[in-house]
Amino acid sequence: MRNLLLFITLLFVSVAVKAQVFGGNPPSLKFYQLTTDSVRVIFPKALEQQAREVAWTVHQLYKNNPAPLGNKLRRFDVVLQNQTVQSNAYVGIAPYRSEYFMMPALNNLSDGSIPWHLSLAVHEHRHMEQFANFNRTVPKLLNVFLGQEGTALGFGGAVPDWFFEGDAVWQETMVTQQGRGRLPNFFNAYRSIWQTDKPYSYMKLRNGSFRQFIPNHYDLGYLLVGYGREKYGNDFWKKVTEDAVDYKGLFYPFQHAVKKHSGEKFKTFVNHAFDFYKEQMKPDAKSVTAGFEVITPAEKNNVSNYQYPFVLGNGNTLVLKSSYRQIPVWVSIDAKGNQTKLRVKDIADDSYYSFRNDKVVYTAYEPHARWGWKDYSVVKVWDVNSNEVIKVKSRSRLFQPDLNGDASKIVAMQYGTDMKSSLVLMDVGMDAQQSVLPNPNNYLYTYPRFTNANTIISAVRNQNGEMALLETDAVTNTEKIILPFRNTTISYIQVHGDSVLFTASQKEGDVLYLLKRSSNELFKLSQLPNGSYQAYFDGTKQQILLNTFTVDGNLLLKAPVQQLKVEKMNQPEELPQLYLSSKTFAASPDLVRNVKALPGEITRYRKGLKLLNIHSWRPTVSDPDFGYTFYSENIMNTLVSEYSYTYNRNEGYHKAAASMVYGAWFPYLRAGVEQTWNRTTVDNANRTINFNESNVNLGLSVPLNLTSGRTYKSFLASSSLNFEKLSFTGIAKNLYRDFDFNYITNVISYTSQNQKAVQQIFPQWAQTIRLQYRRTINGDFGNQFLGTAGLYLPGLSNNHSLVLFGSLYARDTISGQFFSDNFPFARGYNAVNFPRTVRISANYHLPLFYPEFGIGNIIYFLRIRANAFYDYTRGRSLRTGRTFPLRSAGTEVFFDTKVWNLFPFSFGIRYSWLLDNDLIDPRLNANQFELVLPINLF
């Protein structure tokens, strides 16, 4: 039980901090702070306005909360990160802090169109409120023994992750005129499941699948949270969560609390919630593609997405395909539906691209080599005929590019680190010069499209979150609204002559519209229940191509224009209140339309101060060792450190240790010190020997992220000095001299790998190499070298992998054996520390079954996979020259699971057949069985 609790704690904390980046900003980036009674916002100077608005929004939510989870408040630190092009945010528990990634999400239909920093403030503040009010009884008690990690454990054991996120999405919808609860796109996931009447269990919905589409916990959470409030009132979840974190009902406290306050079992509650939404959605499988022909039929046990259709010069359809078995790749689909692979897409945060004149323009993700918070979105152009790719602009922040008619110019949206949006024009060519168009109204541009060489149409957001279609003249720098601002979301613009195709969020779903520019007439073209997306007009065949969401992925559809039911409209409707009644949203303010800048003094935030921030502590209870370790991490995540005390009851010694890593400078700086008192041993004369042991280590490392194009690449170089001293005490001072053992360790590693699809166990192409050299720097000369290299290759099937590894080990025969031996010996044998050892290994990994079943919400089995292996190790004695070959073959069966509906956990069973005698125990049975656990389990 002790190890189990520690395991749960580590897993929960690892999930809570997954979005953090260590030492992510260059030291030249200065931060400032605005401190109020409810929040401290830490930000770069360019974001002062956004920081004040975030502080005002949080302050208003503290003062005027329409549906509080309690009356407790806790001031949080919020860090605004402006160097990254990724869109996200999180609130962490260990340590308490929040970070906003200030690049706005640009898919208006799925993320809404209100100002990004305000959307984050509304959502993330709800997490702050949750954590403040859930910190009671059991979580508070665990905090005493484990610190903030104990608090996280208490929360995670009582409240499911879907509630945290569903409740935060609820707040988005409650206090703004948008929020995902008002976006039809948000409900496509569950509607698509109900259309096909998939009998998914609650555990499957919680844990996912390698074969079938499963909505995420945001979707599930909002449905259940909304239903609970609609059926039982706005105080329902307050009562449920209070009982849950008080652990009233030790086992399954959340389910117990739901039953207590709703009067029905949790399973019944979930089923009734689903029935509530089904009744209103009235999902009908026959209407999913009504009026359209399916070009890309569904695949069994796979989820395939076909996006952004265009027509090539030969009449084939160009589309970007990705699936659970296939990384993103452009394919050409002929009239018979045959697909031809053209090119793998570069690594990117989204799938957007545009096509003109046999050229594709798209953006690719590129990180800064050293600083994890600094990355780029670069524009590339691919010539479909020559297969040549050029990068148009390096180290840029450009998005959603489009080509003009002859593919000689590019327009893209640029989003600066000052959170300003602009349209940029560039010539096609390497590092092309660019011109930036003015943005006098401070719009956020999305999906810019050329209408001719000098005119661009964009879907723009204003500061109230409303959207319009805007026409920009790049010669005169004038702007014209061609579709008025409305509280709805608009995406996926395509221009064909006088006509503009776009999709807008409406009550009945994401609807395809056509706007005639010359007459300013608006027509509804397609109203599919799961949306009409990324439409393209094929003028040659007079047909519309588009995709729609289904449980099998985004299917590609087509229909002749004359068969579409065209309906003339005045303008798109504003976003509706979906599925829930007005009583559930009673007294809800609209914070976004009334946002103000909170006044207050701005001061410099000194990153070098307050480096010590002990947030958690864990006991060491592993007989004969007992002790505690304290963990520290500062708010800016530039210094992590550990401090520990250990008592060993066998020898009676005491040990104190401290270690730290500082990541704010170009190299990481590492330091550690360890002191042990009163160690005891017995020498050959059976005398008790007492000594103290001291260790100091210093080091530096340079981790580089070299990802580019279609390959993830990383490089690490590190070096450390270790000073170790044994000081004898008592009678041993007269028998032995104090002993120093000092050495240096150098490590170089490099990894390169392609992208990996969901079902693939390993990438189909990857290489890794690691070289480590240790050498003593005083006394007898000693050294040790260990080199490993791996090669990952495709197998016979798309989800199989052939993995080859080789290792080389060498040490001297005098002092080299003082170093720990980390050589990966042949599986099944007892390891022997030879002065020279080589190993080669062949592995063939393949999936066996996808059982997809669980036990009592404790463990869920997603996949069972196997690995057939052969190992050959040969050790050599330098003194005798003899060699010792050791061969083994066997198989490993791995179980990929999730624990407590949340934590991925893989374990396995290994069978090794020893083809040679074990050197340490020649009588060792040739058939060896082992349990294989993750190396970082405890």
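These are my notebook entries on one pocket, one buried threonine and a few backbone features.

**Entry 1: the model**

I am working from a predicted model.

**Entry 2: the second largest pocket**

I looked up the second largest pocket and its volume. About 1,000 Å³ of space lies in it. I then asked which residues lie nearest the centre of this pocket. They are Phe-762, Tyr-792, His-845, Phe-894 and Arg-910, out of 38 lining residues.

Next I noted the elements that give two or more residues to this lining. They are strands E39 (739–754), E40 (766–776), E41 (783–794), E42 (801–811), E43 (836–849), E45 (859–876), E46 (883–899) and E47 (903–914).

I also sorted the lining by class. I found 17 nonpolar, 13 polar and 8 charged residues.

**Entry 3: Thr-151**

I went to helix H6, residues 148–158, and picked out Thr-151. Is Thr-151 buried or exposed? Its relative accessibility is 0%, so I logged Thr-151 as buried; the cut-off for buried is under 20%.

What does the side chain of Thr-151 pair with? I found a polar contact of 3.0 Å to the side chain of Asn-143. Asn-143 is also on the list of residues that Thr-151 touches, once residues up to four places away in sequence are set aside. The others on that list are Ile-93, Tyr-96, Asn-135 and Pro-139.

**Entry 4: cis peptide bonds**

I checked the bond from Ala-94 to Pro-95. This peptide bond is cis, with omega near 0°. I placed Pro-95 in the loop between strand E4 (87–93) and strand E5 (96–102). Two residues from my Thr-151 entry turn up here: Ile-93 and Tyr-96 both touch Thr-151, and by number Ile-93 falls in E4 and Tyr-96 in E5.

I then checked the bond from Asp-623 to Pro-624. It is cis too, with omega near 15°. Pro-624 sits in the loop between strand E32 (614–622) and strand E33 (625–633).

**Entry 5: positive phi**

I looked at Asn-387. Its phi is near 65°, a positive value in a residue other than glycine. I found Asn-387 in the loop between strand E13 (375–383) and strand E14 (389–391). Its relative accessible area is 37%, so I logged Asn-387 as partly exposed.

I looked at Asn-686 as well. Phi of Asn-686 is near 65°, again positive in a residue other than glycine. Asn-686 lies in the loop between strand E36 (668–682) and strand E37 (688–705). How did I class Asn-686, buried or exposed? At 65% relative accessibility, Asn-686 counts as exposed, since the cut-off for exposed is over 50%.

How values were computed:
Residues are numbered from 1 along each chain as its sequence is written. This is a predicted model: local features need pLDDT of at least 70, side-chain atom pairs count only at pLDDT 80 or more; totals for chains, interfaces and linings use all residues. Side-chain values use heavy atoms; hydrogens and water are left out. On a 1 Å grid over the protein atoms alone, a cavity is a set of points where a 1.4 Å probe fits but cannot get out, and a pocket is an open set with protein on both sides within 12 Å along at least five of seven lines; lining residues have an atom within 4 Å of a point. Grid points are joined across faces, edges and corners, and a volume is the space filled by probe spheres set on the points. Helices (H or I, at least four residues) and strands (E, at least two) are DSSP runs, numbered from the N terminus. Ala, Val, Leu, Ile, Met, Phe, Trp, Tyr, Cys and Pro count as nonpolar, Asp, Glu, Lys and Arg as charged, and the others, Gly among them, as polar. Buried means under 20% relative accessible area, exposed over 50%, partly exposed in between (1.4 Å probe, protein chains only). A polar contact is a pair of N or O atoms within 3.5 Å; within protein, one must be able to donate a hydrogen and the other to accept it, and residues adjacent in sequence count only if both atoms are side-chain atoms. Contact means heavy atoms within 4.5 Å.
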